[in-house]
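Visitor: Please take one part of this model and go through it closely. I would like the packing first, then the surface and the charged pairs.

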Amino acid sequence: MSFARSVLYPLVTLFSIGGVTSFYYDIKTAYLVLGLILLLILHFLPLGRVSNQLKSGLLYFSFFVMGMLHFQEFYRLPDAHFQNQAELPPNGLKRIKIIKPLGTNFFSYTFLGELRQWEDVGVEGEILIYQTKDSLTIPFQRGQEILTKNSCRPIADNLNPGGFSYKNYLKNSRIYHQIQVNEDNTVFYIKEPRPPFIDLLKLREKVEVKIETVSLSKESKGMLKTLLLGERKAIEDEILTSYTQAGVIHLLALSGLHVGLLVLLLMYLLTPLTKVKFGKTLRLIMILLFLWCFALFVGLSASVLRSVTLFTFVVIGHYINQGKHSFHYTVLSFFILLVCHPPFLRNIGFQLSFLAVIGILWIHPLLQRLWNPSHIVLRRLWQLTTVSIAAQIAVSPVSIYYFHQFPSLFLLSNLIILPFFGFFLSLSLVVLLSIVLELTIPFLFPFYEKGVYTLNSIVFWVAQQEAFLFENIYNSLTSTLLLYGILICGVFFFIKRTFARGTWVLLFLFAFVSNLVIEAKKENAVNAFWIFHKHNESILGHQKGGVLYYHTSHEGNSTRLLLNFTNSSLIKEKRKLLLKNSYAQKGFRLLLLREVHAYGIKQIAPTHILLQKNIKLNLDLLLEDYKPKLIIADGSNAPWFTERWKKSCAKYKVPFHDTRKTGALKITLESEE
């Protein structure tokens, strides 16, 4: 215990902090390596005058440098990466291997691919592949290779502030480009010998096909695929939203709860092996083989990898009679996963999973001490209550930071569902096995249908209590980190109440409140006009302090965009803004042109002109008459119009902003004071 607290925990923490630091500071590899070598030499040299505390500090700091070095080198593109090959022709012949499917929509299939050759040059690097879809399209398969001359394009970023950035999401996994292919421009396919794990994935696909053939409802089939195959997309968005709002979305994530149940079931079924010679060892090997084959079977998702790695240590610990140190195994599995795959550190599911486990293992025992009921039913209910509260306390700051909502009825949902969820999960496993083995068990399917209906009904009812769902909550990264500072110091103070620990709690609390005041003051000082991008729409906004005055050409189509924007800052309310042909503030005069007869009002003397709805006009004459500071084209215009306007602006040396290409425009206005 003392070794873990004094060595393991600090080293893993400093390694992780080093990884985070590498995202913001790029230091030459040679300097990091030299610094690491120097730190280790100073630590291991037998210098009598150097205190043990200083040596420990040197070792700790060396892990911080290791974290920086490891993460920085992971994200540094190798020389053979296709982005480092400047002389390659854009339309050169490319050989790409299909790694795995990512999803599908009405227009295309999406895959992750690996570039292997560009013309005659061997290259490397992962890329996003969109395969154009029609009724006759056969989607690519894992392990296939395709040849195409289509050019690679950088992945487009989100064009409006506050929205989800798919570009940054993929950047975290070192994917920066995409390519669009179809049967006309893809020359032919090559099939490679399949690695063994591909057969497991093929087996999973066959299981999915079998599920589709049975007489179960769409909801029940989706539940089976989600709970046991990790196929979250099999469940409809409306159901997923309800589970999120009810605070039980973790039940649909194939993670620790599901893997733990499988491990317990296996340990129970294989108990007879422990009676024979080497039986315990054989049981250990069989369970570990099952765990990792299962992880491959469901596609090695982040949540499954985390759970399987954790339970690998738990099972080994149980084998060597050290099964009580779950917190150590959690920290160790966290460290190993980061070493093996650094992008996990910025994966939302990975963060939430480990925070929930840490909350249960660290905070739950402290809450249990508050009450020890003698009645077994009360004791079980209190245990479920403290587990749910502990997990929610640990994940809430990050959850609010990412999703801007807090389901206050999470405790009610968990108390109703969790006592029976283990049985429901076991029932799901029985149903899946009966489908795979083609067994006919009377009343099994109707009973399962009733279980799915009951579970979803409970979740829907809780989700409909909108008064208890707090939405549109803004929490900055600084505030989130300070909240965790309060939480960590508060837990230490609860364990042992000392003046020093209480002081740290008060210091973090003071810093948190001060930060809120500073952020609110900055927000109140904002005075900016926004021109957002929306395909075939016009959306404008005037952000003044904590209020957003907005104007939209279509109210229904702008809801999500405006919600994302308000969630990204301390905007307290939205108010509609009535606009006709112009909008004026101190030093800012905007002329909106959507019809030819709308301009010709010279007394406006516009500083900015917004072109809308593919307006047909002589832009050269307009530029001569008005001489504006900036011409803007929003998403309501077609690309060929904006290209023509851009050329006219270049001729008259007037800046031109196209929201389709450069995203939303923010115009900072003068203070009215």
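Guide: What follows starts at the main nonpolar core and works outward to its surroundings. Keep in mind that this is a predicted model.

Start with the core itself. The largest nonpolar core holds 52 residues. Within this core, M223, L224 and V431 have the most contacts. Eight helices are named as suppliers of at least two residues each: helix 5 (196-213), helix 6 (218-229), helix 7 (237-245), helix 8 (256-269), helix 9 (279-297), helix 10 (302-319), helix 15 (410-436) and helix 16 (444-463). Helix 15 gives the largest share, 8 residues.

Now zoom in on V431. Setting aside residues up to four places away in sequence, V431 touches L216, L224, L444, F445 and Y448. One of these partners, L224, is itself among the residues with the most contacts in the core.
A second core lies apart from the one just described. This other core has 20 residues, including V12, F63, V331 and L337.

Stay with helix 15 a little longer. L411 belongs to this helix. With a relative accessibility of 23%, L411 counts as partly exposed, because the cut-off for buried is under 20%. L411 touches T385, S388 and I389, again leaving out residues up to four places away in sequence. Take S388 from that list. L411 and S388 are separated by 23 residues in sequence, yet their C-alpha atoms are 6.3 Å apart in space.

For a buried polar residue, turn to S648. This serine lies in helix 21 (residues 639-651). S648 has 13% relative accessibility, so it counts as buried. Beyond its neighbours within four places in sequence, S648 is in contact with L619, D620 and L623.

Next, the cysteines. The count of disulfides is 0. C340 is in no disulfide, and the nearest cysteine sulfur, that of C293, is 18 Å away. The cut-off for a disulfide is 2.5 Å between sulfur atoms. C340 is exposed, with a relative accessible area of 61%. C489, in contrast, counts as buried at 13% relative accessibility.

Move to the surface. A nonpolar patch of about 760 Å² is formed there by V20, Y24, Y25, I27, Y31, L477 and L481. Follow one member, Y31. Y31 sits in helix 2 (residues 29-44). Its relative accessible area is 55%, so Y31 is exposed.

That leaves the charged pairs. Side chains of opposite charge can pair when their charged atoms come close. The model has 11 salt bridges. One of them joins the side chains of R76 and D26, at 3.8 Å from N to O. This pair links distant parts of the chain, 50 residues apart. R76 is in the loop between helix 3 (52-75) and strand 1 (94-104). D26 is in the loop between helix 1 (2-22) and helix 2. How do the two ends differ in exposure? R76 is partly exposed, with a relative accessible area of 34%. D26 counts as exposed, at 64% relative accessibility. The pair also belongs to a network: D26, E73 and R76 are linked by salt bridges.

Another pair is K576 with E555. Their side chains meet in a salt bridge at 3.7 Å, N to O. Here too, distant parts of the chain are linked, 21 residues apart. K576 is in strand 14 (residues 573-576). E555 is in the loop between strand 13 (547-552) and helix 19 (559-567). K576 is exposed, with a relative accessible area of 58%. E555 is partly exposed, at 37%.

One further bridge has its closest N and O atoms 2.9 Å apart, between E573 and R575. E573 counts as partly exposed, at 34% relative accessibility. R575 is partly exposed as well, with a relative accessible area of 37%.

Back to the starting point. The core of 52 residues draws its largest share from helix 15, and V431 is among the residues with the most contacts there.

Definitions and conventions: Residues numbered from 1 in each chain as written. Predicted model: local features only at pLDDT ≥ 70, side-chain atom pairs only at ≥ 80, totals over all residues. Heavy atoms only, no water. Core = buried A, V, L, I, M, F, W, Y, C linked by side-chain atoms within 4.5 Å. Buried < 20%, exposed > 50% of the residue type's maximum accessible area, 1.4 Å probe, protein only. Helix = DSSP H or I, 4+ residues; strand = E, 2+ residues; numbered from the N terminus. Contact = heavy atoms within 4.5 Å. Patch = residues over 30% accessible without salt bridge, like charges linked within 9 Å, V, L, I, M, F, W, Y side chains within 5 Å. Areas by Shrake-Rupley, 256 points an atom, 1.4 Å probe, with all protein chains shown as cover. Salt bridge = Lys/Arg side-chain N within 4 Å of Asp/Glu carboxyl O.
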